[in-house]
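Reader: I've got this one open on my screen and I'd like a close look at a single part of it. Could you walk me through the place where the two chains come together, and what sits just behind it?

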Number of protein chains: 2
Amino acid sequence: MKKQLGSKPLLFPMPAVMVGTYCEDGNPDAMTAAWCAICCEKPVCAGVAVRKNRMTFANILQTKAFTLNVPSTSQTAEVDYVGIVSGNKEPEKLSMAKLDTSRSERVNAPIIDACPVNVECRLVDQMELGSHTWFAGEIMEVHVDEKYVLENGKLDVRGLDPLIYITSQSQYFSLGDPVADAYSIGKKIKKG
Amino acid sequence: MKKQLGSKPLLFPMPAVMVGTYCEDGNPDAMTAAWCAICCEKPVCAGVAVRKNRMTFANILQTKAFTLNVPSTSQTAEVDYVGIVSGNKEPEKLSMAKLDTSRSERVNAPIIDACPVNVECRLVDQMELGSHTWFAGEIMEVHVDEKYVLENGKLDVRGLDPLIYITSQSQYFSLGDPVADAYSIGKKIKKG
């Protein structure tokens, strides 16, 4: 039997990422977002939901760029801090969290050095939905800590240990065990 | 040191869900999607990226509705099968995977009974990005298997054991251990 829980954001698990942008004065800023996704394959695009009162919102509109920085579980405190504190109230939030940034290669947004994966996005479209705007950006470059890049071109995702967020629980999780290979395990289901 | 891997969809982990729709003839169909997210809080909306040649694409435009069905790891073979096989070529794919459906409460799309979480969405907007369209739907109702609904209103997410997909690896994973509570662990970072 199922319970009906009404209109709730119960879609999970989601990645916890930090969205990097530059403020008008050139200061780097970041906010934590769990509501993000790849949203197109050609061109490769990623999207992220941003509330209108966030400094990130104004920054993306100004610079037409953002980065998505995938943290490891070892950075959970920093990720949470960057989500709690507003860049409007605390312009130095990144340095307080001891998160250094570098300039992106291809877009006008900072990448967070400590994160093992940094995704550079150029704003291509936006969708107004209410409290949040869905910003879609073309992925122009991805940086991955070389110690997690395997010889076959895949990533050592377990070693990278990405952080997961589950909105309904307000709780962070780690990635668990591999379950199966895609485009493979489903083949055992055949016409009966 | 970081390696630059170019324009790739390296954002993870993402949930693996099945998108449920009705075909023009009333037959239920589903496709597997890892590229989905919550994209607004008020109203609560979820989005999903769908390739234009998918039957799901035509169905969403026709019915203005879809469901996002969150599977458990025990359903990995079915999820993979529904991702491999096109509804255009195999109209009976859901019955072949032994996935029964029921009508939604609020929208014109089927929910997949075996999935512990079903999210009913009413199409509110769409964004054309290239190979994929980002469909955003207002979440009208969420059904959760009652054995995973705790007395405090939260969910037993570990028991529910949701499936995770990592695009770059073409691999499914399980959810790992809880790491920390949000809006809490970050508070230890304070003005130095």
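Author: Here is a walk from the contact between the chains back into chain B. Bear in mind that this is a predicted model, in which local features need pLDDT of at least 70, side-chain atom pairs count only at pLDDT 80 or more, and totals for chains, interfaces and linings use all residues. Residues are numbered from 1 along each chain as its sequence is written, while chains are lettered from A and ligands numbered from 1 in the order in which they are written.

So, the contact: 93 residues of chain B touch 92 of chain A, where contact means C-beta atoms, placed from the backbone, within 7 Å. On chain B's side, strand 13 (residues 171-181) gives the most, with eleven residues; strands here are DSSP E runs of at least two residues, numbered from the N terminus. That side of chain B splits into 55 nonpolar, 20 polar and 18 charged residues.

Strand 13 of chain A pairs with strand 13 of chain B, antiparallel, over seven bridges (pairing takes at least two DSSP bridges). Within that pairing, A:Asp181 sits opposite B:Gln171.

Now step back into chain B. Strand 13 of chain B also pairs antiparallel with strand 12 of chain B, over four bridges, and B:Ile164 faces B:Phe173 there. The hairpin of these two strands has four residues between them, and B:Ser170 takes a positive phi near 50 degrees.

Strand 12 (residues 163-166) of chain B is covered on both faces: B:Leu163 and B:Tyr165 on one side, B:Ile164 and B:Ile166 on the other, all buried (20 or more other C-beta atoms within 10 Å of a residue's own, with C-beta atoms placed from the backbone). Strand 2 (residues 14-15) of chain B joins strand 12 of chain B through two antiparallel bridges, with B:Met14 partnering B:Tyr165.

Definitions and conventions:
Two residues are in contact if their C-beta atoms, placed from the backbone, lie within 7 Å. Ala, Val, Leu, Ile, Met, Phe, Trp, Tyr, Cys and Pro count as nonpolar, Asp, Glu, Lys and Arg as charged, and the others, Gly among them, as polar. A residue is buried if 20 or more other C-beta atoms lie within 10 Å of its own, exposed if 12 or fewer, and partly exposed in between; C-beta atoms are placed from the backbone.
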